[in-house]
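Grab a pencil and try these short exercises before peeking at the solutions. Each one can be worked through with the structure on screen.

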Amino acid sequence: MEKVLLKAENLSKIYNMGEVTVEALRDASFCIYEGEFVVILGPSGSGKSTLLNIVGGMDTPTLGKVSFKGREINGMNDNELTRYRRENIGFIFQFYNLLPNLTARENVELVTDISSNPLDVMDVLDKVGLRDRADHFPSQMSGGEQQRIAVARAVAKNPEMLLCDEPTGALDNITGRVVLRVLRDINRDMGKTVVVITHNAAIADMADRVVYLSNGRIADIKKIDNPIDPERIEW
Amino acid sequence: MNKLSLMTLRDIKNNKGQYMAVILVVVIGIALYNASYMSYQNLKTSTEFYYEEYQLPHLFIRLNKSPESIVKSIERVEGVSRVQGRMVLDVPMDIPGYEGKVEARVVSVPPLNDDALNRVHIEAGRYISGDYQGMALVEKQFMDFHGLDIGSAVSPIINGKSIRLSVQGKAVSPEYIYPVPSAQEAMPDNERFTILYLEHGFMQQLFGYEGMVNDIVVGLNDESEVETVKKELEDMLKHYGLISVIGRKDQVSYMMMENELKQLESMGLAYPVIFLLIGSIVIYMLLLRLVDNQRRQIGVLMALGFTKRAILFHYLGYALFVGLAGSMLGSLAGVWLGGALTRYYLVYFNIPVLQVKTYIGVIAAGILMSLAFCGIAGLNAAKRVLKIAPPEAMRPVAPAGGKKWWGERMLPFFGRMGITWRLTFRNMWRNKKRTIFTVSAIAMTVGLMISILLMLDSVDYLFDKAFGDALSYDYKVVFTRDMPQGIINDLSEFREIRYAEPMAEYPFKLKNGWREEDAMVIGIQDQSEMYHLTDLSGGRVDVSGEGILLSDGLARDLGVKPGDILKLESLYKPGVEQEVIVKGFVEQYMGSNGFMELGKLNSTMGEGSTINSALIRIRYNSGAFLKELEDMPFVRSVRAPDDMVRQYNEYMDLVYAYIGVIVTLSCIMGFAIIYNTTTISIMERKRELASLRIMGFTSNKVAELIFNENTAVSVIGLMVGMPLGRAMGAQILKNVPEDMMSLPLVVYPKTYMLAAATVALFVFLAQLANMRRISRMDLVEVMKSRE
C-alpha cells in the first residue's frame, strides 16, 4: 500500500466579497501519495488556485482539514505555516517569479540558504540542464529557461512535494514539454512527489493520477496505468 | 552574502539616482551636525584650556586711581589666590601710514609674563624685556589688519603728547579673545581699536600714575566662590572709588565667546534634525512605493518559506543602508567641515591654542541618530509587509478606487478644469498619504530656506531702522574727555559743518529692587534733529522733561513699567546716585540704552553742562575736513553711521557664510525630494501612463500629467512652507543675544519670491531629468509585465 503524504478532508473555502459570497471550494476530499505525479485538472474558476494555496500552506480553508504526513496544517499559525512551506513544499508558478535582481544560481541559493537539508545548487542546475546559465540574470534567459530555474529553485531545498501552478501556462509547447520532462525526471529519479495544477487536459496523460476539479468540487479521481512520455504530449 | 541583502544592494544600485538623492539629504544633516558639534567642542575645549593655561582672572575690578597698596589687602580676602594691580586706560593713537585716529586701550603688564594673570601669548617677536622704556606689545588682529611688523612704531597720545613706542611683539590675551572695548560695541573693529601692552612701571611713569593703579584682576582658588568674593570686594572697595567688580560671565570677551558657543550648540542640533526628518520622510515614501511594487516578490518569498520578519528586515535594510551610508559619508564631510569652520572662527576670535580634534563620540552619536531616523521611517514603511497575506500578494493589486474627490463634488471650479488637471487632483486625492508627505517635505525645505534667508532681511531692516531712520547725523564726534557745552559753538565754526548737536553718554548701574543692569545712558537734546526715538508702535517720542526712556529690552530685563522709579548709580563718577522715573519705552534695535534729556542727565550726574560727544551734519566734505577734525586734541574719534554698517558687515561674513551653506544645502535637498517624488510617481503609474501613450497621448502630454501633479504639490508645499519658515525664523532670532542687537522678524516679499522661484526651478529640473523615463518607456514591455 502506498503511503499517504497529504490528506485533504472536506475542504471548503468561502470568500466574502461585500454583498456576495463566493464558494471557491466545496467539500473537497482527496489524498496525495508519496512519490506520485498528480495532475489536478480543471477549467479556470474551478478552484484550482485556492486548492493549491491551501495545500501549500499559503491560505487556510473555511471548513475541513488538511494534514501533511499525518500532521494537521490548517490550525497552524503564521510561523508554523512558514516553516511548513520552507521544509516541505517547493512552489513553481506560472510566471516563474524569479527575483530579477539575482542570477540563476543566486535565485536557487536564496532558498538553499534558509533550508535545513538543501541539495547542491550546481547539481540541481545540472538536473534542469542549465548549469552553464548559472550566472545569468532572469532578464537574460528565455521563459522556458526561467521556468526551469524556478524548478531548480523549488527542488534545491529538497522538499517532499513540488506544487506547480500552471507551470507551462506561459510557455509554448516546445519549451513547455522541456519543463514537463524536467518535472517528470525529478519525480522519477529523485522520488519527489509532484502536483501539477493545470487547465490543460493534455498534461493529464503523463500523470500517475488525475484529480478533476469543477465548480469547486472534486468531480472525479482517475488512476492512469500507463502515463505517457512528456515528449508525446501535444497541445 | 545573504541573498536578501544582495537583492537590497542590487536594487539600490539599479535605482542609484533615487537612493543617492536620499543619502545626500542624510549626508547633509549628519555633516552639519558633525561640523557644528565638533567646532563647538573644539572651541569649547580650546577656550577652556586657554583660559586655564593663560590664567584668565575670575574677577575684574575697575576703580578710580587708587594706591597700589590696595592689592595687598585684596590678597588677604578669603578665597583669593592671586591679585594683580594694573592700569587700563583708553587713549587715541597714531600709526604710520594710516590717516584716521585709532583708539588704543593701554594695559599694563608685569615684567615677567610667565606667572602673570592674563598671561600674554606672543605670536611673533618677544615679550617686553630688559629696558622697558619705549617698548610695547600690540594686539594681533590690529597688527594683521594694518600690516604692522615687529619694530614698527606706534604713537599713543598721552596727556596731550605723542609718545613714540616700538612694537616688540604681536600679542594675544585671554581677556581679549574677542577684541571690543565694551559691551556697547558689539563688533570688533580691527581698523580703529586695539590693545597696547606696556610694562607696568613704565606705564605708571608715562601716565603719571606712580604707585597707583586703576584696575585689579583677581584669581580665585575656587570658581564657585565668585559671587561671595565679589560681594566682599564690593563692600571693601566702596570707599576707594570702586567703579565695578565683574565676574567672567560679564566680561565682554568671555560673554561673547559663551554666546557664540551657545548658538553653535543649538544650531548643531536644530538644523541636522530638520534635515534628518526630511530625509526620513523621503525614505518612507521610497519604501512604501518599493513594498507596493514588489508585492508579488514578497508573495514569492513567503511561498519559498521566508518568514514575515525576515522580509520585514529585508526592507528595513534599505533604510538602514541609507542611514549608514549617509551618516558615514556625512561624518567624513562633517569632520572636514568642522575643522574648516573652527579655523574660520579664528578670524574673529583670538585663540592661540586651538585644538582641532575629531571626537569619536560625536561621530558615533551622529551615526546612531541617523540610523534611528532612517530606521523608524523604514520600519513604518516596511511594516506594510506584515499586512500582506501570501495568496493576496500573488494576485495583482486591485485598482485603487477611482472616484471624484470632494473638491470636484463641492467646488464646480475643479470639475470644469481640463482632463489633465482633473486627473492630477484625483491622483493627489487618491494617494493622500504620499501627497501629504511630499507637501510636508517641500514645506520643510522652503521653511528652512526662508527661516535662514529672513535673517538677511531682518539685518537689512535693522540697519535701515537703526542707522537710517533713527540716526540722521552724518558724523558722531567723540571727545577725549568731558567738554563744556560751548564746544558745540566751536564746532559750528567749521565752514563744512551745517549743524551740531550736543550729546553725552555715561555708564550707569540701573537698579530696580534686586534687579540691576549696567547700561549707557544717552543724553540728547530735547526735540533732537538727529537722534530720533520711536515708541514701540513706531510713533516719535521725545526726551523732554523729567524721567528716563528705556529700550524695551532693558525695560524687560529690569522688570519696570512706565511710572516706576529706577535708581541710577554712576559708573563714571562713583558715589553719584539718583532716582528717576521711568517715562516710557523706546524701540532700539542695536544695543540697550537709557535716554534722558541732556540737561537732566547733567543734573543727575551732579555737574554743569558737560558733554562727551557731538552729532554733526555737514554741508559738504572738503576732504581735509575730517582729518582736521580728528586731529583736534580733544577729539577721540569721528564716525559715520556707515562705518558701523561696514563694521557689522565684516563681522557678518561668518553669518553670511553659514547662511550660504544652509541655503545651498536646503536647495540640494529640495531638488532631491522633488526628483524622488517625480520618479516615484512615474514608476508607480507606469502601466497607467503606458496605457495613455497607447491610447494616443503624446509623451509630452503624459509628462504634463506628472508635471501638473508636481506643480500642484509644490504650490501647496510653498504655501505651507512660507509661514512655517517665518515661524522657524522667529525661533532662530530668539537665540540672538538681546543686549547685542534685537533683530526684528522681517521677511521681504523678495525672499518669498526667491523660495518660490527655487522650487519652480527644481520642479522643472526634476521633470527634465525624468523625461527620459517617459519618452523611452517600452510600451509593450510595460503592458506585458503583470505589474
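Below are three exercises on this predicted model, each followed by a worked solution.

**Exercise 1.** Work out whether the radius of gyration of chain A agrees with that of a compact globule.

*Solution.* Start with the chain length: for 235 residues, a compact globule would come out near 18 Å. Chain A has 17 Å, so the two agree. Next, look at the extents: the C-alpha trace of chain A spans about 50 × 45 × 40 Å along its principal axes. Then check burial, where 49% of the 235 residues in chain A count as buried. Finally, take the contacts in chain A between residues at least 6 apart in sequence: 70% of these join residues at least 24 apart.

**Exercise 2.** Find the strands that pair with strand 1 of chain B, residues 59-67, and give the sense of each pairing.

*Solution.* Take strand 12 (residues 242-247) of chain B to begin with: five bridges tie it to strand 1, and the two run antiparallel. One residue pair to look up here is R62(B), whose bridge partner in strand 12 is S244(B). Now move to strand 11 (residues 212-220) of chain B, which pairs with strand 1 over six bridges, again in the antiparallel sense. There, P67(B) has M212(B) as its bridge partner.

**Exercise 3.** Describe the side of chain A that touches chain B.

*Solution.* Count first: 21 residues of chain A contact 18 residues of chain B. On the chain A side, helix 2 (78-88) and helix 3 (104-112) each supply at least two residues. Helix 2 of chain A gives the most, with five. Sorted by class, this side of chain A has eight nonpolar, six polar and seven charged residues.

Technical notes:
Residues numbered from 1 in each chain as written. Chains lettered and ligands numbered in written order. Predicted model: local features only at pLDDT ≥ 70, side-chain atom pairs only at ≥ 80, totals over all residues. Pairing = 2+ DSSP bridges. Helix = DSSP H or I, 4+ residues; strand = E, 2+ residues; numbered from the N terminus. Contact = placed C-beta atoms within 7 Å. Nonpolar A, V, L, I, M, F, W, Y, C, P; charged D, E, K, R; others polar. Rg over C-alpha atoms; globule rule 2.2 N^0.38 Å. Buried ≥ 20, exposed ≤ 12 C-beta atoms within 10 Å, placed from the backbone.
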